[in-house]
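Visitor: Could you walk me through the fold I have on screen? I would like to reason about it strand by strand.

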Amino acid sequence: MVVKTHSKGRGVTGLLVGVANVRRYFPRHVEVIELQLDHLQIQCGLDPDFWRGQPEIHDPRLCAWLESKNFHSQPGRTPVPLALIPAGKNTFKLQPIS
């Protein structure tokens with residue numbers, strides 16, 4: 001699935017998943033997912049708003065990784081599209097779109 005970087009203000013960058021992707025790839029009862037970021041694997045909690053039309057994933061480690069790869073979006077700039085690939089139960093691999 002294609003997701004986009006999303007800035008929630010200064011220094012906080014996450015992922016905008018999209019409502020259709022939430023319905024297709026995320027079981028409703030899931031509260032935590034695992035993200036594979038290169039050699040890192042982190043767990044990210046999903047806010048209740050994730051299921052209520054605000055399908056965003058935010059985590060300080062995700063933000064740091066996105067910024068280290070220059071995948072962060074900045075106010076006034078176009079969000080960066082990335083691939084979020086299912087890689088197991090509630091696990092996804094995040095990588096650039098080739």
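Here is a short conversation about how the strands of this predicted model are arranged.

Visitor: In what order do the seven strands of the open sheet lie?
Guide: Good place to start! The sheet is open and its pairing is mixed. Read across, the strand order is E4-E3-E7-E6-E1-E2-E5.

Visitor: Which strands stand at the edges of the sheet?
Guide: An edge strand has a single partner strand, so one side of it is left without a neighbour in the sheet. That describes residues 40-45 and residues 56-57, which are strands E4 and E5.

Visitor: Which residue in E4 is the bridge partner of Leu-35?
Guide: E3, residues 32-37, runs antiparallel to E4, and six bridges join them. Gln-36 stands opposite Gln-41 in this pairing. For Leu-35, the bridge partner in E4 is Ile-42.

Visitor: Which residue takes a positive phi in the hairpin of E3 and E4?
Guide: This hairpin has two residues between the strands. The phi in question is near 55° and belongs to Asp-38.

Visitor: In what sense do E3 and E7 pair?
Guide: Four bridges link these two strands, and Glu-34 stands opposite Thr-91 in E7. The sense of the E3 and E7 pairing is parallel.

Visitor: And which residue takes a positive phi in the hairpin of E6 and E7?
Guide: E6 and E7 run antiparallel, joined by five bridges, with Leu-82 bridging to Pro-96 in E7. Four residues lie between the strands in the hairpin. The positive phi, near 135°, is taken by Gly-88.

Definitions and conventions:
Residues numbered from 1 in each chain as written. Predicted model: local features only at pLDDT ≥ 70, side-chain atom pairs only at ≥ 80, totals over all residues. Heavy atoms only, no water. Pairing = 2+ DSSP bridges.
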